[in-house]
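I opened this one with a fresh page and a cup of coffee. Here is what I looked up, in the order I went through it.

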Amino acid sequence: MHLGRGPVRRHPSIKRAHTIASPVNQTTRVSITRFPRNPGSEAADTVVVEEPLEIRVGQMPVSVTMRTPGDDFDLAAGFLLTESIVPDADQIETVRHWGSPNVVRVDLRPGATLDLQRIKRNFRSTSSCGVCGKVSIDALRVHSCAVKSRFTIAEAVVHNLSSAVRREQKSFEETGAVHAAAIFNAEGTILRLREDIGRHNAVDKVIGSLLREGASLSDTLLFVSGRSSFEILQKAAVARIPMVAAVGAPSSLAIELSEEFGITLLGFVRDGRFNVYSGAERIG
C-alpha cells in the first residue's frame, strides 16, 4: 500500500458522499429488573446498539459484519484496505449508503485492482470473531512487508495512553459494552478514536478514517482497549503502523506476527505498567 510519509494529505478528487441525514443511535434504553429484588428493582439501563452492516464494492457483496452504527464509511474503507481487498486508498472513488443505513457501497476508480479471492474468503465475518467464515488458515494472512519507521515514544507517554482513551470513550461510559481503538502520535495526542461493539470494527473505523483523508500512519501508535490478536496486528502491518498497544494481553500469534513485521507490541498497558513483547528499541 502506498501511503507515503509526512503530514496529512488530501485527495481533493475523492467524492465524499454524505451519510443518511437521520441521527445515528449508538445506545438505547431498555427495561431491566435488578437482583436481589427490592423496591425500585424495576429500572432502565443503557445498552449499546448492535446491527448488521453489509459492505459492497460496486454491486458485489463483500462482507456482512455486526457493528455499532456510526462511522460506517470509515469502517467499510478500513475493512477493504486492512484486509488487502483494495490495495490503496487512492483507488476508492466514493463511499455511500446504498438503499439502507445498514448497507454501504464503495465504488472504485476506473482501472482499480480488486482481489476477488480475498472477497470470497472474507464474505462472512462477525463482531466477536474477525476470522469467522474464512475458509482456511492460509486465507487469514495478508501480503505485506516489514514496517520501516523511526517512530519512538517515551515510557512516560505510554503510561498515559489508557487513561487518555478512557476519557474519550463516551459510549463505553454509558454502556460498558464497546471497544475503542485510537491512533496516537509520539507526543501522546489522540489523532482519531472510534468505538464499536467489535474490536476489529473499531480498528477498521479508526484506520479507515485517517486513510480516507490520505494520512500517513508510519509515525503513529495504534491503541486497542481489549487484547491484541493476530488480525489486529495484520491490520496494523497493512496500514504501516509501527507500534500496537493494548490494555489486555497479546495472543501468541500476534507476538509472532509483530516480530515478523517489525512492529513494536505492548500489552497490559494500564495501572502504571506495561509489557513489551517485541521491538523494545522504540520505547525511549
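These entries go from the whole chain to one sheet, and then to a few side chains.

**Entry 1: the whole chain.** I noted at the start that I am working with a predicted model. I counted the secondary structure and got seven helices and 13 strands in the protein chain. I then checked burial: of the 284 residues, 52% count as buried. For the surface, I found about 12,800 Å² exposed, with carbon and sulfur atoms supplying 52% of that area. I also looked at contacts between residues at least 6 apart in sequence, and 54% of them join residues at least 24 apart.

**Entry 2: the sheet.** What is the order of the strands in the open sheet of six? I read it as S9-S8-S10-S11-S12-S13, and the pairing is mixed. Strand S9 and strand S13 (273-278) stand at the edges with a single partner strand each, so one side of each has no neighbour in the sheet. I looked up the twist too: neighbouring strands here are turned by 20° against each other on average, ignoring direction. A reminder to myself: strands of a sheet pair through backbone hydrogen bonds, in a parallel or an antiparallel way.

**Entry 3: S8 and S9.** I followed strand S8 (residues 179-184) into S9 and found antiparallel pairing over six bridges. Phe184 has Ile190 of S9 as its bridge partner, and Ile183 stands opposite Arg192 in S9. Five residues lie between the two strands of this hairpin, and I saw that Gly188 takes a positive phi near 85° there.

Is S9 (residues 190-196) enclosed or open? I found five of its seven residues buried, so S9 is largely enclosed by the rest of the structure. I kept this beside the edge position from Entry 2, where one side of S9 lacks a neighbour in the sheet. S8 is mostly covered as well, with five of its six residues buried.

**Entry 4: S10 and its neighbours.** On its other pairing, S8 runs antiparallel to S10, and four bridges join them. Ala182 stands opposite Phe223 in S10. Next I checked strand S10 (residues 221-224) against strand S11 (residues 243-246): these run parallel and are joined by four bridges. Leu222 stands opposite Val244 of S11.

**Entry 5: aromatic rings.** How many aromatic pairs are there? I got one. The ring centres of Phe184 and Phe223 are 6.3 Å apart and the planes meet at 75°; over 60 degrees counts as edge-to-face, so this pair is edge-to-face. Phe184 lies in S8 and Phe223 in S10, so the pair ties together parts that are 39 residues apart in sequence. I checked burial for both phenylalanines, and both are buried.

I also looked for a charge over a ring. The charged end of Arg105 sits over the ring of Trp98, 4.2 Å from the ring centre.

**Entry 6: a serine in a loop.** I went on along the chain from S10 and stopped at Ser229, in the loop between S10 and helix H6 (230-238). Is Ser229 buried or exposed? Its relative accessibility is 7%, and the cut-off for buried is under 20%, so Ser229 counts as buried. Then I asked which residues Ser229 touches, leaving out those up to four places away in sequence. I wrote down Arg199, His200, Ser251 and Ala254.

Conventions. Residues are numbered from 1 along each chain as its sequence is written. This is a predicted model: local features need pLDDT of at least 70, side-chain atom pairs count only at pLDDT 80 or more; totals for chains, interfaces and linings use all residues. Side-chain values use heavy atoms; hydrogens and water are left out. Buried means under 20% relative accessible area, exposed over 50%, partly exposed in between (1.4 Å probe, protein chains only). Contact means heavy atoms within 4.5 Å. Accessible areas come from the Shrake-Rupley method with a 1.4 Å probe; for residues, only the protein chains shown count as cover. Two strands pair if DSSP finds at least two bridges between them. Axes are lines fitted to C-alpha atoms, for helices over the stretch in contact, and angles run from 0 to 180 degrees between N-to-C directions. Rings of Phe, Tyr and Trp (its six-membered ring) pair if their centres lie within 6.5 Å; planes under 30 degrees apart count as stacked, over 60 as edge-to-face and the rest as tilted. A charge sits over a ring if NZ of Lys or CZ of Arg is within 6 Å of the ring centre and within 35 degrees of the ring normal.
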